Amino acid sequence: MSEEDYNPYKEAQEQFDRIAEKCDLDESIRDLLREPIKEYHFNLPVKMDDGSTEVFKAYRVQHNDALGPCKGGIRFHPEETIDTIRALAIWMTWKTAVADLPLGGGKGGVICDPREMSEREQERVSREYIKQINKNIGPLQDVPAPDVMTSAKHMLWMMDEYENIRGGRYPGVITGKPKDMGGSKGRTEATGYGVIYVLRELLNELDRDFEDTTASVQGFGNVAQHAAELFTEYGGKLVSVSCWDQEDKKPYSYYRESGVDVDELRNITDEYGSIDKEKAKEKGYERLSGEDWLKQEVDVLIPAALENAINKDNVKEIPESVDIIISGANGPITTEADDILKDRDLLVVPDFLANAGGVTCSYFEQVQSNQNYYWSKEEVLEKLDSKMTNAFHEVWNLSQEEDIRMKEAAYIISIKRVAEACKARGWL
Ligand code: NAD
């Protein structure tokens with residue numbers, strides 16, 4: 001399939017259809033779960049700084065809320081499409097379900113380019129979005145969060161607008177807020193640490209330990225840095241990481257035989273996760289091509305940068321030594337590459353299980369905000385560890401019992417959970 005033909009919504013539906021067949025789901029539940037329950041399409045008239053008015057298209061998709069309020073980010077992107085948002089909403093339903101969170105799946109977006117807009121214009125877009133959708137979201141209905149090109153500041157404007165309209169304080173209406181304005185401690189670490197909690201449990205099952213485990217990571221942003229940090233803290237040896245180089249407009253991998261020192265590298269990395277190549281060289285890191293991170297003779301690969309990182313063109317470059325791939329990023333392995341990994345019997349921990357630490361901590365933020373009572377970082381991380389550990393074991397046990405891959409087991413668990421909740425509510 002060429003990139004132009006790729007439709008994430010169709011992909012999400014096909015994945016669902018395959019598992020629905022295996023789980024022998026009724027026709028009615030299939031009809032319900034293969035499409036979003038509700039979609040809102042609306043226009044945002046926004047006054048621009050030059051006095052003109054621009055109208056931006058905006059969406060909020062609620063795929064399913066049988067298990068609890070919908071949860072999912074709001075993206076600001078010029079190439080956003082309704083089908084991408086639908087697919088992401090569906091995947092959020094499976095992610096929250098596999099982590100056993102009392103939440104459903106949703107996603108939103110505005111077709112706009114914040115890189116071309118002033119702060120004030122972005123604020124007006126954020127507020128207008130809430131003006132249009134406030135009746136259809138809420139702490140007990142649908143709880144948005146940051147996503148591509150939105151951050152804590154957008155969430156705070158959105159919360160403030162919601163509170164202006166509703167006349168009260170509703171910190172639980174949105175997550176990803178700044179820490180001193182209702183955000184949760186531990187959110188920054190949550191996704192990367194979650195990946196390593198899952199890896200720890202997997203190594204235990206395989207009777208292996210971190211001291212004898214080497215890894216290579218794609219990316220050196222939020223998820224990659226925290227995964228690298230905990231992996232090395234647990235005693236693993238990390239030999240390479242990679243990142244995008246804005247100056248040369250291409251990615252590089254950085255390799256050091258004696259191992260990567262995460263703090264040392266972090267100190268020479270900018271806020272976008274790009275490593276200073278000259279300083280890295282001074283510290284003894286070899287600079288290799290962007291793809292070399294996956295060619296290293298290690299035990300574990302951790303793609304934690306972007307989607308389609310392991311594809312049919314590079315999957316054969318993965319050395320025999322690699323027997324585990326655990327995904328920090330969303331969608332880092334294409335379907336074709338995954339089929340090849342399956343034939344190799346390589347253990348792949350699916351993205352929506354491995355990186356569920358982020359949404360799990362967002363759920364904790366929601367709980368804390370609704371109670372207006374905030375936990376210590378230790379408490380957050382302890383709860384996160386317990387959730388991720390349980391989620392892993394449920395998936396692992398099913399995959400062992402049924403002799404199926406973890407991805408299939410994870411899909412079966414989440415789809416069954418959601419289907420049973422719909423039935424228990426008497427919807428079908
Ligand atoms: P980030 O922007 O902080 O970091 C991205 C990193 O990838 C940077 O180091 C960047 O230089 C690098 N990169 C970009 N293009 C690259 C390329 N071609 N080759 C190698 N490296 C490249 O992003 P993040 O928050 O760490 O997210 C990473 C991935 O994890 C994304 O797929 C995201 O959707 C997913 N994810 C993130 C969270 C979260 O809580 N942040 C939660 C779940 C999933």
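Mentor: Let's start with terms: helices (H or I, at least four residues) and strands (E, at least two) are DSSP runs, numbered from the N terminus. This is a predicted model, where local features need pLDDT of at least 70 and side-chain atom pairs count only at pLDDT 80 or more, while totals for chains, interfaces and linings use all residues. Residues are numbered from 1 along each chain as its sequence is written, and side-chain values use heavy atoms, with hydrogens and water left out.

Trainee: Happy to dive in! How many residues are around the ligand?

Mentor: A residue is near a molecule if one of its heavy atoms lies within 4 Å of it. Thr191, Phe220, Val223, Trp244 and Gly273 come nearest. The full count around the ligand is 21.

Trainee: Which residue has a backbone N or O atom 3.1 Å from an oxygen atom of the ligand?

Mentor: Think in polar contacts: pairs of N or O atoms within 3.5 Å, where within protein one must be able to donate a hydrogen and the other to accept it, and residues adjacent in sequence count only if both atoms are side-chain atoms. A polar backbone atom of valine 223 is 2.9 Å from a ligand oxygen, and tryptophan 244 also has a polar backbone atom 2.9 Å from a ligand oxygen. The residue with the 3.1 Å distance is glycine 221.

Trainee: What share of the ligand's area does the protein bury?

Mentor: Accessible areas come from the Shrake-Rupley method with a 1.4 Å probe, and for residues only the protein chains shown count as cover. Taken alone, the ligand exposes 830 Å². Of that, the protein buries 74%.

Trainee: Which element gives the most to the shell around the ligand?

Mentor: Helix H6 (187-205), helix H7 (222-233) and strand S7 (237-245) are the elements that give two or more residues to that shell. With three residues, the one that gives the most is S7.

Trainee: And how many charged residues does the shell around the ligand have?

Mentor: Ala, Val, Leu, Ile, Met, Phe, Trp, Tyr, Cys and Pro count as nonpolar, Asp, Glu, Lys and Arg as charged, and the others, Gly among them, as polar. The shell has 10 nonpolar and 10 polar residues. Its number of charged residues is one.

Trainee: Let's move along the chain. Which side chain makes a polar contact with that of serine 184?

Mentor: Serine 184 sits in the loop between helix H5 (152-166) and H6. This residue counts as buried because its relative accessibility is 3%, where buried means under 20%, exposed over 50% and partly exposed in between (1.4 Å probe, protein chains only). Its contacts (heavy atoms within 4.5 Å), neighbours within four places in sequence aside, include Lys179, Cys361 and Val380. The side-chain partner, at 3.0 Å, is glutamine 368.

Trainee: Is proline 114 buried or exposed?

Mentor: Proline 114 lies in the loop between strand S4 (104-110) and helix H4 (119-133). Not counting residues up to four places away in sequence, proline 114 touches Phe76, Gln122 and Met149. Since its relative accessible area is 8%, proline 114 is buried.

Trainee: What distance separates the centres of domain 1 and domain 2?

Mentor: The chain is divided into domain 1 (35-171) and domain 2 (189-354), with bounds from an automatic or database domain assignment. Taken over C-alpha atoms, the centres are separated by 31 Å.

Trainee: One last puzzle: what is the phi of aspartate 100, about?

Mentor: Aspartate 100 is in the loop between helix H3 (82-98) and S4. With a relative accessible area of 41%, aspartate 100 is partly exposed. Although aspartate 100 is not a glycine, its phi is positive, at about 60 degrees.
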